[in-house]
Amino acid sequence: MTSRQQGRRAVVTGLGVVAPNGVGADAFWKATRQGVSVLDRISREGCTEMPLKIAGEVREFDPQSAIDSRFLVQTDRFTHYAMAAADLAVADAGFRPDSGQPFAVGVVTAAGSGGGEFGQRELQQLWGQGPKFVGPYQSIAWFYAASTGQISIRGGYKGPCGVVASDEAGGLDALAHAARSIRRGTDTVVVGAAEAPLAPYSVVCQLGYPELSLADQPDAAYLPFTAQACGFAPAEGGAMLLLEDEQAARRRGANVRAYLAGHGATFTGASRWEESREGLAAAIRIALDEARTAPEEVDVVFADALGVPAADRAEALALADALGSAVESVPVTAPKSGTGRAYCGAPMLDVAAAVLAMEDGVLPPTPNVTKVCHDLALVTDHARPAELRTALVLSRGLMGSNSALVLRRGNQP
């Protein structure tokens with residue numbers, strides 16, 4: 001490690017959110033803090049007659065006002081969300097790239113499904129009208145890396161770029177990837193994930209997941225950690241962050257909102273929820289060790305909260321295994337029960353909520369959930385004030401990934 005690389009720490013200086021419960025960090029946090037549930041019947045064309053009835057749609061987003069028209073025609077909805085969230089994060093951080101240092105800024109995104117809506121449209125034109133009616137952007141718009149590519153092109157960011165093509169835990173893994181880039185010498189990384197799985201082809205693909213909730217009432221569709229749990233409601237949207245090297249951020253007078261203190265990742269196999277207990281506990285321990293954080297120092301846990309009884313039980317036991325007696329008192333929350341699970345975007349929204357919760361000194365509730373059937377101190381009903389210095393964010397993927405991230409409140413050691 002060079003002298004330049006020694007002591008480099010990744011910090012959050014900007015937040016950008018496009019979520020079912022609000023566009024922009026302020027709107028998102030207001031709804032999250034209030035425990036607003038926006039789960040509702042799917043209204044997207046071609047989806048209304050499918051077995052999946054309830055999801056979290058982004059309804060307050062106007063792509064025409066957020067994205068230049070020449071990029072709109074080249075990209076899918078999932079990239080529209082990511083580009084808009086990236087713009088919001090950069091603006092929130094007050095960041096202006098140095099035109100003489102284009103290689104100092106990188107981009108990392110995570111994606112679990114890519115551009116299904118765009119791809120479906122082009123394939124329909126192929127089989128309905130012929131190959132001459134397939135647009136040239138089909139080759140890139142559906143691709144997992146489309147968001148990374150478009151964000152870097154629009155911003156002129158030529159530093160280390162990448163994409164984590166993964167299940168839900170990929171959102172946290174993308175943050176770890178970005179933090180490693182910063183430790184290796186990159187000053188700034190735009191990082192995050194946004195998904196758009198509510199199109200006919202995408203929904204059909206999801207119907208193969210046994211964990212998907214097919215409930216037909218919004219207040220019953222996604223009830224993690226309860227006896228009524230019947231799976232998860234999917235969602236679209238996500239969040240992007242601006243990560244910077246701490247010293248670089250302070251040199252430009254940026255507000256350090258949070259530190260990425262530690263990350264751990266393991267793999268236990270698709271839908272092997274009982275086995276995820278051991279894998280998730282291991283990921284938590286790795287993250288705590290990297291952050292040099294004792295279990296009793298964790299002030300809040302943002303749970304994965306799949307809403308599948310076996311998975312919920314495994315998560316509760318994993319927390320007990322990793323945190324020991326501290327699990328009896330640490331508050332646990334799952335705001336996504338009110339918005340739905342946005343695949344790779346879900347843990348990114350939890351990270352955004354964790355940063356805002358630490359800044360505001362408030363524990364957001366778990367919407368729609370009242371009576372908990374696991375040994376967890378789950379925050380329900382309403383928000384609670386709390387002194388929050390350290391947050392633990394958890395994520396598991398349907399394909400078997402387990403990931404844990406430790407965040408520390410900004411402007412503290």
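Q: Where does Asp 381 lie in this predicted model?
A: Look for two strands and the stretch that links them. Asp 381 is in the loop between β13 (377–378) and β14 (384–385).

Q: And what about its backbone: what is the phi of Asp 381?
A: Check the sign, then check whether the residue is a glycine. Asp 381 isn't a glycine, yet its phi is positive, at about 70 degrees.

Q: Is Asp 381 buried or exposed?
A: Go by relative accessible area, where exposed means over 50%. Asp 381 comes out at 58%, so we call it exposed.

Q: Which loop holds Ser 271, and what is its phi?
A: Same approach. Ser 271 sits between β9 (258–267) and α11 (273–291). Its phi is near 55 degrees, again a positive value in a residue other than glycine. As for cover, Ser 271 has a relative accessible area of 34%, so it counts as partly exposed.

Q: Now a helix. How do I read the span of α8?
A: Take the distance from the first C-alpha to the last and set it beside the expected value. Helix α8 covers residues 170–183, which is 14 residues, and reaches 20 Å. That is close to the 20 Å expected at 1.5 Å a residue.

Q: How many residues of α8 are buried?
A: Here the cut-off is under 20% relative accessible area. In α8, 11 of the 14 residues are buried, so the rest of the structure largely encloses this helix. Among them are Gly 170, Leu 172, Asp 173, Leu 175, Ser 181 and Ile 182.

Q: What comes just after α8?
A: Gly 185, with a positive phi of about 130 degrees.

Q: Which residues make the nonpolar surface patch?
A: For a patch, look for nonpolar side chains grouped at the surface. Here Trp 142, Phe 143, Tyr 144 and Val 163 make one of about 340 Å². Tyr 144 belongs to the loop between α6 (138–141) and α7 (146–155). With a relative accessible area of 31%, Tyr 144 is partly exposed.

Q: Let's go inside. How many cavities of 30 Å³ or more does the structure hold?
A: It holds 3, and the largest has a volume of about 80 Å³.

Q: Which elements give two or more residues to the lining of the largest cavity?
A: Those are α1 (25–34) and α13 (345–360). The largest share, 4 residues, comes from α13. If you want to find the spot on screen, the lining residues include Asn 21, Phe 28, Thr 32, Lys 336, Leu 349 and Asp 350.

Notes
Residues are numbered from 1 along each chain as its sequence is written. Side-chain values use heavy atoms; hydrogens and water are left out. Buried means under 20% relative accessible area, exposed over 50%, partly exposed in between (1.4 Å probe, protein chains only). The expected span of a helix is 1.5 Å times one less than its number of residues. Patches are made of residues with over 30% relative accessible area and no salt bridge: like charges are joined within 9 Å, nonpolar side chains (Val, Leu, Ile, Met, Phe, Trp, Tyr) within 5 Å. Accessible areas come from the Shrake-Rupley method with a 1.4 Å probe; for residues, only the protein chains shown count as cover. A salt bridge is a side-chain nitrogen of Lys or Arg within 4 Å of a carboxyl oxygen of Asp or Glu. On a 1 Å grid over the protein atoms alone, a cavity is a set of points where a 1.4 Å probe fits but cannot get out, and a pocket is an open set with protein on both sides within 12 Å along at least five of seven lines; lining residues have an atom within 4 Å of a point. Grid points are joined across faces, edges and corners, and a volume is the space filled by probe spheres set on the points.
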